[in-house]
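I opened the notebook to look up the pockets of this structure and the place of its ligand. The entries follow.

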Amino acid sequence: MGDALQALDAEITDCFACPRLVAWREEVATVKRASFRDQAYWGRPVPGFGAADARIAILGLAPAAHGGNRTGRIFTGDRSGDVLFAAMHRAGLANQPTSVSADDGLTIKNTRIFAAVRCAPPDNKPTPDERDRCAPFLHRELELIRPTLRVVIALGAFAWAAWWPAMRAVYGVRPPSPRPAFGHGAQWTAEGVPALLGCYHVSQQNTFTGRLTPAMLDDVFARARSLAA
Ligand code: SF4
């Protein structure tokens, strides 16, 4: 299964299917942010990160322009990642509290992290077409970790919404109608599929304003660990 996941990662990083996102990821990688001007940006799709036998999945929206799109690893090199991996470290799921570059020694256990869209989008807003074009990568990744997966943490409403078609595609389970509303702490469970947990996105917009606090993240990870046990 690890080999299949590696093959999928390689396939994802070589995808050029969305012209607008390809142009954007490459433009950001060329223009750069002034503080990173001496660094070579990744400028490609960002694959998932973490264990092939994950019991917990963390599903985000898309890589950040100067985070994952710069470093090549999801939630790496920006404030969102700082908050996420600090919480994972407190929860015993990461060996260190920081995530600054793809070769910084970070390892995570029992967890796989990925995004619904694998390329950084302008304004963090993929179009519906881009979302749908990228969805098969998510579905294939879920299929590969399906034997062990027990809990999915959806970071934000976009990821929450991306779960339903993924669940139908991978598990053959029809999503509930109406769909359960996203909210921080929202939980949805059903027979034969991983539990779904809602969590506010770890974006600066939420963490700088106090809408999402470290204690709130700790609660989510405690619940995820308990559901995954
Ligand atoms: S968003 Fe997904 S489908 Fe579109 S180019 Fe990036 S990896 Fe390919």
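I sorted the lining of the second largest pocket by class and got 7 nonpolar, 1 polar and 2 charged residues. Here Ala, Val, Leu, Ile, Met, Phe, Trp, Tyr, Cys and Pro count as nonpolar, Asp, Glu, Lys and Arg as charged, and the others, Gly among them, as polar. A pocket is an open set of points on a 1 Å grid over the protein atoms alone, with protein on both sides within 12 Å along at least five of seven lines; lining residues have an atom within 4 Å of a point, and a cavity is a set where a 1.4 Å probe fits but cannot get out.

This is a predicted model, in which local features need pLDDT of at least 70, side-chain atom pairs count only at pLDDT 80 or more, and totals for chains, interfaces and linings use all residues. Residues are numbered from 1 along each chain as its sequence is written, and side-chain values use heavy atoms, with hydrogens and water left out.

I listed the lining of the second largest pocket, including R131, D132, H139 and F158. Helix α5 gives the most to this lining, with 5 residues; helices are DSSP runs (H or I, at least four residues), numbered from the N terminus.

I then turned to the ligand. Among the residues around the ligand (a heavy atom within 4 Å) are C15, C18, C119 and C134. Helix α5 (residues 128–145) supplies the largest share of this shell, 3 residues. By class, the shell has 9 nonpolar, no polar and 2 charged residues.

Note on methods
Helix = DSSP H or I, 4+ residues; strand = E, 2+ residues; numbered from the N terminus.
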